[in-house]
Amino acid sequence: MADKPKRPLSAYMLWLNSARESIKRENPGIKVTEVAKRGGELWRGMKDKSEWEAKAAKAKDDYDRAVKEFEANGGSNAANGGGAKKRAKPAKKPSKKSKKDESDDDEEDESE
């Protein structure tokens, strides 16, 4: 069974993937975290983001279409392990008696 399609990238991430190399070229020796920080600054400063927003909208449409196709072919969250990664709650352990409770129990046994 095929895996469920991955969520599409945002307009910012599409732009950052295309701009990453030029940011590295302009700033030799820059750290990965600094590339992302510089990318965020450049993105916020951009006036016209319509090209990237259009690409993101197209990617979302393609994703929605792929998800519908996936579900129509019998794909479901149960088929691929539950979809969202949720951890099962651990089973509750029986509560232990405190030492004080145990000593109270011992005294009651002795008095009988």
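# Getting to know the helices

User: Which residue follows H3 with a positive phi?

Analyst: Keep in mind that we're looking at a predicted model. Just after H3, the chain has a residue whose phi is positive, near 95 degrees. That residue is Gly74.

User: What pattern does the protein follow along the sequence?

Analyst: Start with the tally: there are 4 helices and 0 strands. With that in mind, reading along the sequence gives you α-α-α-α.

User: How much of the protein is made up of buried residues?

Analyst: A residue counts as buried when its relative accessible area is under 20%. The protein has 112 residues, and the buried ones make up 14%.

User: And what share of the accessible surface belongs to carbon and sulfur atoms?

Analyst: The accessible surface of the protein adds up to about 9700 Å². The part that belongs to carbon and sulfur atoms is 51%.

User: Let's zoom in on H2. How far does it reach from its first C-alpha to its last?

Analyst: Helix H2 runs over residues 32-45, so you get 14 residues. At 1.5 Å a residue, the expected span is 20 Å, and the helix comes close to that. Its reach is 20 Å.

User: Why do the buried residues of H2 sit on the same side?

Analyst: The buried residues in H2 are Val35, Gly39, Gly40 and Trp43. They end up on the same side of H2 because the arc they cover around the axis is only 135 degrees. As background, an α-helix has 3.6 residues a turn, so residues three or four places apart point the same way. For H2, then, the reason is an arc of only 135 degrees.

User: Which exposed residues are on the face of H2 turned away from its buried side?

Analyst: To count as exposed, a residue needs over 50% relative accessible area. On the face of H2 turned away from the buried side, the exposed residues are Thr33, Lys37 and Arg44.

User: Which helices do the buried residues of H3 pack against?

Analyst: H3 has 23 residues and reaches 33 Å, close to the 33 Å expected for it. Its buried residues are Trp52, Ala56, Tyr63, Val67 and Phe70. Going the other way, the buried residues of H2 pack against H1 and H3. The buried residues of H3 pack against H1 and H2.

User: At what angle do the axes of H1 and H2 cross?

Analyst: Several residues meet here, including Trp15 and Leu16 in H1 and Val35 and Leu42 in H2. The crossing is right-handed. The two axes come within 10 Å, and the crossing angle is roughly 115 degrees.

User: Is Tyr12 buried or partly exposed?

Analyst: Tyr12 belongs to helix H1. Leaving out residues up to four places away in sequence, it touches Ala36, Gly39, Gly40 and Trp43. Its relative accessibility is 22%, so Tyr12 counts as partly exposed.

User: How far apart are the C-alpha atoms of Tyr12 and Trp43?

Analyst: Along the chain, Tyr12 and Trp43 are 31 residues apart. In space, their C-alpha atoms are separated by 7.1 Å.

User: How far apart are the C-alpha atoms of Lys55 and Ser10?

Analyst: You'll find Lys55 in helix H3. At 40% relative accessibility, Lys55 counts as partly exposed. Lys55 and Ser10 lie 45 residues apart along the chain, while their C-alpha atoms are separated by 8.9 Å.

Terms used:
Residues are numbered from 1 along each chain as its sequence is written. This is a predicted model: local features need pLDDT of at least 70, side-chain atom pairs count only at pLDDT 80 or more; totals for chains, interfaces and linings use all residues. Side-chain values use heavy atoms; hydrogens and water are left out. Helices (H or I, at least four residues) and strands (E, at least two) are DSSP runs, numbered from the N terminus. The expected span of a helix is 1.5 Å times one less than its number of residues. Buried means under 20% relative accessible area, exposed over 50%, partly exposed in between (1.4 Å probe, protein chains only). The arc is that of the directions from the helix axis to the C-beta atoms. Contact means heavy atoms within 4.5 Å. Accessible areas come from the Shrake-Rupley method with a 1.4 Å probe; for residues, only the protein chains shown count as cover. Axes are lines fitted to C-alpha atoms, for helices over the stretch in contact, and angles run from 0 to 180 degrees between N-to-C directions. A crossing is left-handed if the near helix is turned anticlockwise from the far one by less than a right angle, and right-handed if clockwise.
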